[in-house]
Amino acid sequence: MIVNDALKIIKQRRSIRSYKDEQIKEEELRAILEAGLYAPNAGGQAWHFTVIQNKELLDRLNLAAKEAAKHMDMEHLRELGNNEKFNCLYGAPVLIIVSGNVQVPVPLEADCAAATQNLLLAAESLGLGSCWIFFVMLAFNSPQGSELRKELKIPEGYKPYYSAVFGYKKDAVVNVPDRKPNLITYIK
Ligand SMILES: Cc1cc2nc3c(=O)[nH]c(=O)nc-3n(C[C@H](O)[C@H](O)[C@H](O)COP(=O)(O)O)c2cc1C
């Protein structure tokens, strides 16, 4: 099996759900964002990255998402919304939201997902933890949703698709689950 730095980072990255309080360094943040900007894209870079490092705003996003979750059809989400101890951002000091321009005539989800994955891999390459977070996007379905969009300065015509948190890992990753077998078909 070939091993190199990029392949090691891909296999090593895991979703981290416990973070130190400490803010990450500016140069680390810039490197992560730059990796996002270099992702493949069909829409001609029709994406936008919102970086949130304000703790009070992060707390409000968590609470708004949890409030919205309480009214969702999925029981799992309702349970998390009602769990007082649950913080959907896991106390991470940075949240990056990736939005796409809905006027572009290609589906921007793929572009934004590719960018998000680049952010996660760049973080891992710097020794930082990260986790892709769907849950916090529920905040935009909450009564404060449109107010939050304004406060976050998400550009007009852009839809927030994905988000991820970043920070210094509190615990080292120990358990890397095996990959499922038989997920590949070869036709030669
Ligand atoms: C689209 C998407 C949404 C996700 N949303 C959440 C989330 O809201 N909260 C969370 O803790 N993890 C979330 N994850 C992380 C997955 O749970 C995680 O990637 C999966 O369990 C595999 O674990 P690994 O990332 O450690 O390999 C999300 C992942 C993806 C791709």
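## Salt bridges, ligand shell and local features of a predicted model

Lys150 and Glu147 both belong to helix H6, where they stand 3 residues apart, about one turn of the helix. In this predicted model, their side chains meet in a salt bridge with an N to O distance of 3.9 Å. Lys150 counts as exposed because its relative accessibility is 60%, whereas Glu147, with a relative accessible area of 49%, is partly exposed. Beyond this pair, salt bridges that share partners join Glu56, Arg60 and Glu151 into one network.

The search of the whole structure finds 6 salt bridges. One of the contacts in the network is the salt bridge between the side chains of Glu151 and Arg60, at 2.6 Å from N to O. Glu151 is placed in helix H6 (residues 145-151) and Arg60 in helix H3 (residues 55-69), so this pair ties together parts that are 91 residues apart in sequence. Glu151 has a relative accessible area of 36% and is therefore partly exposed. Arg60 also counts as partly exposed, at 31% relative accessibility. A further salt bridge is formed by the side chains of Glu67 and Lys70, with 3.1 Å between N and O. Glu67 is partly exposed, its relative accessible area being 33%, and Lys70 is partly exposed with a value of 31%.

The ligand is surrounded by Arg13, Arg14, Ser15, Arg17, Tyr90, Cys131, Trp132, Ile133, Phe134 and Phe135. By residue class, this shell divides into 6 nonpolar, 1 polar and 3 charged residues. Oxygen atoms of the ligand take part in contacts with side chains and with the backbone. An N or O atom in the side chain of Arg13 is 2.9 Å from an oxygen atom of the ligand. For Tyr90, a polar side-chain atom lies 2.5 Å from a ligand oxygen atom. In the case of Phe134, the contact comes from the backbone, with an N or O atom 2.9 Å from an oxygen atom of the ligand. Taken alone, the ligand exposes 620 Å², and the protein buries 59% of that.

Ile133, one of the residues around the ligand, is also in contact with Ser163. The side chain of Ser163 reaches the backbone oxygen of Ile133 at 2.7 Å. Ser163 is located in strand E4 (residues 158-167). With 0% relative accessibility, this serine counts as buried, because buried means under 20% relative accessible area.

Asn83 is situated in the loop between helix H4 (75-82) and strand E2 (94-101). The side chain of Asn83 reaches the backbone nitrogen of Lys85 at 2.9 Å. Asn83 and Lys66 are separated by 17 residues in sequence and by 8.6 Å in space, C-alpha to C-alpha. The relative accessible area of Asn83 is 34%, so this residue is partly exposed.

On the surface, Ile2, Leu7 and Ile10 make a nonpolar patch of about 290 Å². Leu7 is placed in helix H1 (residues 5-12). At 35% relative accessibility, Leu7 counts as partly exposed, and this value satisfies the patch criterion, since patches are made of residues with over 30% relative accessible area.

Positive phi values occur at Gln45 and Asn182. Gln45 has phi near 55°, a positive value in a residue other than glycine. The position of Gln45 is in the loop between helix H2 (26-37) and strand E1 (47-52). With a relative accessible area of 52%, Gln45 is exposed, because exposed means over 50%. Asn182 is likewise not a glycine, yet has a positive phi of about 60°. Asn182 is found in the segment after E4 and is exposed, with a relative accessible area of 76%.

Methods: Residues are numbered from 1 along each chain as its sequence is written. This is a predicted model: local features need pLDDT of at least 70, side-chain atom pairs count only at pLDDT 80 or more; totals for chains, interfaces and linings use all residues. Side-chain values use heavy atoms; hydrogens and water are left out. Patches are made of residues with over 30% relative accessible area and no salt bridge: like charges are joined within 9 Å, nonpolar side chains (Val, Leu, Ile, Met, Phe, Trp, Tyr) within 5 Å. Accessible areas come from the Shrake-Rupley method with a 1.4 Å probe; for residues, only the protein chains shown count as cover. A salt bridge is a side-chain nitrogen of Lys or Arg within 4 Å of a carboxyl oxygen of Asp or Glu. Helices (H or I, at least four residues) and strands (E, at least two) are DSSP runs, numbered from the N terminus. Buried means under 20% relative accessible area, exposed over 50%, partly exposed in between (1.4 Å probe, protein chains only). A residue is near a molecule or strand if one of its heavy atoms lies within 4 Å of it. A polar contact is a pair of N or O atoms within 3.5 Å; within protein, one must be able to donate a hydrogen and the other to accept it, and residues adjacent in sequence count only if both atoms are side-chain atoms. Ala, Val, Leu, Ile, Met, Phe, Trp, Tyr, Cys and Pro count as nonpolar, Asp, Glu, Lys and Arg as charged, and the others, Gly among them, as polar.
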